[in-house]
Amino acid sequence: MKLPMKLYFSPLACSLASRITFYEAGADIEYLYADTKTKRLEDGSDFLAINPMGQVPTLEVDDGTLLTENSAILQYVAECLPAAQLAPASGMARAQLQKWLGFIGTELHKAVYMPLLDPKAPEAVKAYARDKIPLRMDCLQKHLAGREFVLDRFSIADAYLTTILNWSAAVGLKLTPWPAVAAYYQRMLQRPAVGRAVSEEFALYQKEQAHQSAVRQ
Ligand SMILES: N[C@@H](CCC(=O)N[C@@H](CS)C(=O)NCC(=O)O)C(=O)O
């Protein structure tokens with residue numbers, strides 16, 4: 001199914017969660033590469049004119065409306081694709097989804113992984129972020145032990161969590177002390193839509209790295 005939407009993305013960045021969501025739902029959209037370092041799109045135009053934060057994901061819908069922030073984008077996309085049942089509709093189940101999107105976005109993405117990924121973050125900042133790992137991973141381990149998904153079935157929370165856990169190797173975070181988390185991550189990668197999204201973006205990431213090192217020389 002083709003949807004009139006554009007996703008501004010960067011390979012293997014947190015925008016991967018939206019790609020996973022679209023693939024899980026069997027929806028086809030337009031993907032536009034945004035360089036989050038230079039804040040330029042592939043045609044050289046200014047990404048800051050589209051998202052003043054210069055961040056991915058940024059979603060553009062057919063009337064030109066722009067939506068930013070992972071949590072909002074994922075919930076909107078899930079609502080546009082109800083047959084895929086990627087988000088509980090209401091009540092406590094919906095609140096639990098929002099709780100996990102909040103946990104993944106603030107406690108994991110921003111508090112732990114972002115400072116560790118950022119080459120500009122001073123060592124003291126990275127040490128501060130590393131200190132936060134055990135409590136947060138222990139919580140995740142406890143929740144995922146004996147569960148297949150974050151909620152009762154695959155949801156946008158899984159798309160987001162898999163995207164974040166996918167950075168673990170890059171930041172030197174071994175998941176082995178948290179076996180339920182490690183097994184969950186491997187299980188998610190086995191899903192055809194997730195595997196496809198990750199491998200496609202990995203190829204794009206390698207291309208981006210090769211381009212950036214060529215430009216530096
Ligand atoms: N609060 C935003 C954060 C998004 C974000 O941090 N995106 C990163 C990639 S994972 C980015 O675009 N970084 C470039 C920058 O912040 O300049 C959200 O949840 O969507």
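How do the residues of the shell around the ligand divide into nonpolar, polar and charged? In this predicted model, local features need pLDDT of at least 70 and side-chain atom pairs pLDDT 80 or more, while totals for chains, interfaces and linings use all residues. Residues are numbered from 1 along each chain as its sequence is written, and side-chain values use heavy atoms, with hydrogens and water left out.

The split is 6 nonpolar, 4 polar and 3 charged; here Ala, Val, Leu, Ile, Met, Phe, Trp, Tyr, Cys and Pro count as nonpolar, Asp, Glu, Lys and Arg as charged, and the others, Gly among them, as polar. That makes 13 residues around the ligand, with K39, V56, E69, N70 and K110 the closest (a residue is near if one of its heavy atoms lies within 4 Å). Helix α3 (residues 91-117) gives the largest share of this shell, 3 residues; helices (H or I, at least four residues) and strands (E, at least two) are DSSP runs, numbered from the N terminus. Both domain 1 (2-85) and domain 2 (91-193) chip in residues, so the ligand lies between them, with domain bounds taken from an automatic or database assignment.

Now for the polar contacts, which are pairs of N or O atoms within 3.5 Å. A backbone N or O atom of V56 sits 2.8 Å from a ligand nitrogen atom. For N70, a backbone N or O atom is 2.8 Å from a ligand oxygen atom, and a polar side-chain atom of Q55 is 3.0 Å from an oxygen atom of the ligand.

V56 turns up again in the backbone: its peptide bond to P57 is cis, with omega near 0 degrees. P57 belongs to the loop between β3 (40-41) and β4 (58-61).

Definitions and conventions
Polar contact = N/O pair within 3.5 Å; in protein donor to acceptor, adjacent residues only side chain to side chain.
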